[in-house]
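Here are some comments for a colleague who is beginning to read protein models. Please keep the structure open beside the text and find each residue as it is named.

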Amino acid sequence: MRSPARILIADDTPANVRILETRLRHEGYDVAVARDGEEALAAAHATHPDLILLDIMMPKMDGIEVCRRLKNDPEFPFTPIIMVTAMTDIKDVVRGFEAGGDDYLTKPVDHQALAARVRSMLRIKTLHDTVQTQARELAEWNVTLEARVASQLAELERMSRLKRFFSPQVADVIVRGGAADPLASHRREVTVVFIDLRGFTAFAETAEPEEVMKVLRDYHARMGEQVLAYEGTLERFTGDGMMVFFNDPVPVPNPVERALRMTVAMREAMEDLAAQWRRSGFELHMGVGIAQGYATIGAIGFEGRLDYGAIGSVTNLASRLCADAAPGQILVSQRVYAAAGELVDAESVGELTLKGFQRPVPAYSVRRLKA
């Protein structure tokens, strides 16, 4: 429930004060009284009235001076002041308006005129206060909006950076707080995939640079579609090769299955590309290596140029399997084959002697995925 308007009466005549106070209280207003000019200023600062009835002729400080001081005070930006005077000289009325008075009444004060003037001034005061409140709220909303825009721009910038490494789905999870800081160094079991073009070195030595760039663009575009489709994390492009891993930065329940489905889809896409290139006289094929194991993952580089990388024997194993794969072949490690279970139709290729590994490594060649 809204509290009644507060009115300050400043008048040194007790009889006038009683009449005005009685009438205003009868109208439901909260009334305060001051007996002279100085007391009027003090009462105004103490009570912050919604309206002031100010007698022009008062001791210590007349109403004109009180009005002037109040109108120049930032604490009273729009407090209506009705000047009350027994004078009939129009000059006194003009002086009151020049000092900032908003209206005037002459003594003896008519009850109906008093009620009408007070209601009119309070209505204007209410409208003014509403506008001021809305202006403050708008300013606060603008500040909030600016903060939100800055936050969203920062989020978009971070999203753009993260999409260099992660699928849009994974990047969105990270930005929204669904994953820990991916650039912080951490250790996790991952499934690593290396893909490489067979015959690319010989092709690049004889082809025109424009032809090489077009082949790489087509190759990256088709392989990138599958990386995004299976939500892999792209660690890097290295010309004709790329490294992708699964289960980081967001853990997934089936990293091996995702890696196998992605590479089989890549091999199918590569058949179309290879046919196109063959018509242009380019003989290019794809080899793939997949391994599973623990790696240390995080930001690698220096300030101003950071990449997201994985380090560990699992990445070396996937890379060596890829290098040993024949054109169109997907070689997987013993752990990947075991984790795939009934998903994959694969044949053993025996134990491979791989660079960087002291013992021969058992490997399997993926024929197809079972229904």
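1. A useful place to begin is Pro249, which sits in the loop that runs between strand E8 (241-246) and helix H9. In this predicted model, the peptide bond that joins Asp248 to Pro249 is cis, with an omega of about 10°.

2. The loop between E8 and H9 also holds Asn247, and this residue deserves a careful look at its backbone. Phi of Asn247 is near 90°, which is a positive value in a residue other than glycine. Is Asn247 buried or exposed? With a relative accessible area of 14%, Asn247 counts as buried, because the cut-off for that word is under 20%.

3. A second cis peptide bond can be compared with the one above: here the partners are Lys107 and Pro108, and omega is about -5°. Pro108 belongs to the loop between strand E5 (103-106) and H5.

4. Another positive phi, of about 70°, is found at Lys60, although Lys60 is not a glycine. Its place is in the loop that links strand E3 (51-55) with helix H3 (63-71). Lys60 has a relative accessible area of 65% and is therefore described as exposed, since that word applies to values over 50%.

5. Turning to the interior, the largest nonpolar core of the model is made up of 41 residues, and those with the most contacts inside it are Val193, Ile195, Tyr219, Leu260, Trp277 and Ile290. Which helix gives this core its largest share? That share, 10 residues, comes from helix H9, which covers residues 255-279. As a general remark, nonpolar side chains in soluble globular proteins tend to be buried together.

6. Trp277 may be followed a little further into its surroundings. If its neighbours within four places in sequence are left aside, Trp277 is in contact with Leu197, Val215, Asp218, Tyr219, Met270, Phe282 and Leu284. Tyr219, one of these partners, is also listed with Trp277 among the residues that have the most contacts inside the core.

7. Finally, the surface should be examined as well, where Leu145, Val149, Leu153 and Leu156 make a nonpolar patch of about 380 Å². Val149 is placed in helix H5, which spans residues 111-162. How is the exposure of Val149 described? Its relative accessible area is 38%, so Val149 is called partly exposed, a term for values between the under 20% of buried residues and the over 50% of exposed ones.

Note on methods:
Residues numbered from 1 in each chain as written. Predicted model: local features only at pLDDT ≥ 70, side-chain atom pairs only at ≥ 80, totals over all residues. Heavy atoms only, no water. Core = buried A, V, L, I, M, F, W, Y, C linked by side-chain atoms within 4.5 Å. Buried < 20%, exposed > 50% of the residue type's maximum accessible area, 1.4 Å probe, protein only. Helix = DSSP H or I, 4+ residues; strand = E, 2+ residues; numbered from the N terminus. Contact = heavy atoms within 4.5 Å. Patch = residues over 30% accessible without salt bridge, like charges linked within 9 Å, V, L, I, M, F, W, Y side chains within 5 Å. Areas by Shrake-Rupley, 256 points an atom, 1.4 Å probe, with all protein chains shown as cover. Salt bridge = Lys/Arg side-chain N within 4 Å of Asp/Glu carboxyl O.
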